[in-house]
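Grab a pencil and keep the viewer open. Here are some exercises to work through, each with a solution to check yourself against.

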Amino acid sequence: MKRLLLTFAASAAALLLAAPGITPRAAATSLASMSLADLARAAGAIVRVRCVAASSRWDHGMIWTFTDFDVLERFKGAPADRIRVRVPGGRAGHLLTMIDEAPRFQTGQESILFLESSPAGDYSITAWAEGTFRILPYAGNPSGAITQDSSGLPVFDPATRRFHVEGIHNLPLDEFRRRLAAALAQQTPGRQAPAPQAQAGPR
Amino acid sequence: MNRQRSRSLRRAAVASAVLLSAHMIFPSPDAGYGLNYVVADMREPAAISGNTACPQRMRMDISTAGGVNRQWSTSLGTNPVSILTADQTPAGQLNEIESAIEQSFAPWTGVSGSALTPSALSPLAGTSVQDACAVDEVNTICFNQSDPAFSTGVLSFTRIETADVIGEQVSASSPPSSFVGQILDADILIRPGDPTTQFATPAALASNPTAYDLVSVLTHEVGHLFGMGHSGVWPAVMFPFVPPAGTFLGSRSTAQSPDAPLADDDRASVRTLYPGPGDSAYSGFISGRVLPANPLALSGQPAGTTGIFAAHVVAMDATTGAVVAGAVSGWSCSDPGPPVFDGSYNLQSLPVGPDQEYWLYAQPFDGPVETGDVLEQTILCRNTLTDPGWPAQFACVTPQPMSNFSVTKVSGP
């Protein structure tokens, strides 16, 4: 007779600290694995934004979603106060185009985006889910915490029988700012990374 | 970790176990893992909406032999070469790449207990058209098509076209959809002309250790083509990240074991999405609910939310330690819908037998996670905000993933 055994595995703290038994990822099927420094180097603009509108339509022979953002803070580049970002996929009439790892945004949502200019004059997101970091309130971090889209799903490793997350996950915003500043400083010889503005986060 | 919270979660685990037993008799409607869904347009007449607001799985129509058409563009990037082959003759290159494509389909059509078999596929055709991956009814693989979707870091992607009504066409000449969620066109685009990114056929991989294994990449993308979403189980083929350059995971497909590259989680997804008629070996399921010990934890969620949304639930074979299946839990639906967010999970297509035992692991999503991050393009709810004029009786709001508590580990293996 089938028997069920149930356990909840891995504390949240362990989730944030441990990732044993996993072969280091070198590439995604869709995305090259990029560190924060890689992303910072590749992006022409890095901004903190708030989504103000999103709509989908046909363009270049396929359905795209165009999202307008108010720029709240600039970390790299000098984009306008309001920008438009194109992401492949969306809904047009009764047709839907679905592409995994292509981010979607809701009005009012805040994010930090790594952007590059698209040939059409708007922006695209560097490495899609990897270049998208959501800012959300979180009980452990009242000022907000940040999670990379590509690290949203807890990954189960049968070797350790634990869940873990990869990438930047639930990081205090100030700590993310510090890391980003350090990554940008690496690209600018002689530029010093600013001093941390907050205590180090859980990772 | 708060001791009281720890005790509460132990109780939640016990409560879930009780519910698991009940659901083994009365399965919850639907919550397959690693699959994508679409909600029908309920503003349309029942004849074309299907008359249900329950999310429908995206999948190919395999009701007719050869119904899944396939072609690939033989136009290859030469400056730089993006697809490396052992045979350098033009004909030999094409043969080697075509063989790699066939190797990428074979695992998905070789899973026992599934209706997705080689007979569902049309012969693989070739076209010399460079930009062959247009939105049409032809499922195409392109290696040399520049596409504005390729931002830095995007190596490849699969573009799926589906519809939220019956009778929709992707082009004037294409056949209409026969069910909601039918995949009408699926194109795989591999990044062209990038000096930092190369792919190698199995024969060329060993001598090109900085190249990615073409078959690994294509096998994952073909999974998307058939409707699979990403897996949170390592080392499933549908895990979002492929092996490091110069390597491949698991085993190559063979005539005797065509599905050798797949993990059991991949196989369970295929059997769930394309169930085999009369299959009894994989007819098991485990379903239940993941609940907060303190219902007040749900107070910030949309009305009607009675369980945790979302959690990653994994079933492990208690004897072998192999992960058999995983699912992102949190909802269920009974026709005519809409979905309810009751914390349900449903692991389907599991091996059955008198000595079959499973360990079940569950991890509620922690921290600030957006639904779309995890469920990717899956759509569970529509309402008047997303769709003006949406009928109130079919409206719902997808909760934000729970993030206001953490979990603890109780004794396990």
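The exercises below go through this predicted model of two chains, A and B, piece by piece.

**Exercise 1. Find out where chain A can be read in detail.**

Solution. Start with the average: the mean pLDDT of chain A is 78, and 75% of its residues reach 70 or more. Next, go element by element. Helix H1 (residues 12-17) of chain A has the lowest mean pLDDT among the elements of that chain, at 28, while strand S4 (residues 62-76) of chain A has the highest, at 97. Then look for weak stretches. Over residues 1-29 of chain A, pLDDT stays under 50, though the model has 92 contacts beyond four places in sequence for them. Residues 192-203 of chain A also stay under 50, with 20 such contacts. Finally, the caution: where pLDDT is low, predicted coordinates should not be read in detail.

**Exercise 2. Set out the make-up of each chain.**

Solution. Take chain A: its secondary structure comes to three helices and 14 strands. Of its 203 residues, 51% count as buried. Among chain A contacts with a separation of 6 or more, 56% are between residues 24 or more positions apart. Now chain B, which has seven helices and 16 strands. Here 56% of the 413 residues count as buried. For chain B, 73% of the contacts between residues at least 6 apart in sequence join residues at least 24 apart.

**Exercise 3. Follow strand S7 of chain A to its partners, one of them in chain B.**

Solution. First, the side chains. In a regular strand they alternate between the two faces of the sheet. In S7 (residues 95-98) of chain A, A:Leu95 and A:Thr97 point one way and A:Leu96 and A:Met98 the other, and all are buried.

Second, the partner within the chain. Strand S6 (residues 90-92) of chain A runs antiparallel to S7(A), joined by three bridges. A:Ala92 is opposite A:Leu95. The hairpin has two residues between the strands, and in it A:Gly93 takes a positive phi near 65°.

Third, cross over to the other chain. S7(A) is joined by four bridges to strand S7 (residues 156-163) of chain B, again in an antiparallel arrangement. There, A:Leu96 has B:Thr162 as its bridge partner.

**Exercise 4. Work out the strand order of the three-stranded open sheet in chain B, and say which strands are at its edges.**

Solution. Read the order first: S4-S9-S10 of chain B, with parallel pairing. Strand S4 (83-84) and strand S10 (212-213) of chain B each have a single partner strand, so they stand at the edges and one side of each is left without a neighbour in the sheet. For a closer look, strand S9 (residues 199-200) of chain B pairs with S10(B) over two bridges, in the parallel sense. In that pairing, B:Ala200 has B:Asp213 as its bridge partner.

**Exercise 5. Check the length of helix H5 of chain B, then decide how enclosed it is.**

Solution. H5 (residues 214-225) of chain B has twelve residues and reaches 16 Å from first C-alpha to last, close to the 16 Å expected at 1.5 Å a residue. Now the burial: twelve of the twelve residues of H5(B) are buried, so the helix is largely enclosed by the rest of the structure. Among them are B:His220, B:Glu221 and B:His224. After the helix comes B:Gly227, with a positive phi near 115°.

**Exercise 6. Hunt down the backbone oddities.**

Solution. Keep the usual case in mind: most residues other than glycine have a negative phi, and most peptide bonds are trans.

- A:His60, not a glycine, has a positive phi of about 55°. A:His60 is in the loop between strand S3 (45-59) and S4 of chain A, and counts as partly exposed, with 13 C-beta neighbours inside 10 Å.
- A:Arg161 also has a positive phi of about 55° without being a glycine. Its loop is between strand S12 (155-157) and strand S13 (162-164) of chain A. With 20 other C-beta atoms within 10 Å, A:Arg161 is buried.
- The peptide bond from B:Asp335 to B:Pro336 is cis, with omega near 5°. B:Pro336 lies in the loop between strand S14 (323-329) and S15 of chain B.
- B:Gly337 and B:Pro338 are joined by a cis peptide bond too, with omega about 5°. B:Pro338 lies in the loop between S14 and S15 of chain B.

Notes:
Residues numbered from 1 in each chain as written. Chains lettered and ligands numbered in written order. Predicted model: local features only at pLDDT ≥ 70, side-chain atom pairs only at ≥ 80, totals over all residues. pLDDT = per-residue confidence, 0-100. Contact = placed C-beta atoms within 7 Å. Expected span 1.5 Å × (residues − 1). Pairing = 2+ DSSP bridges.
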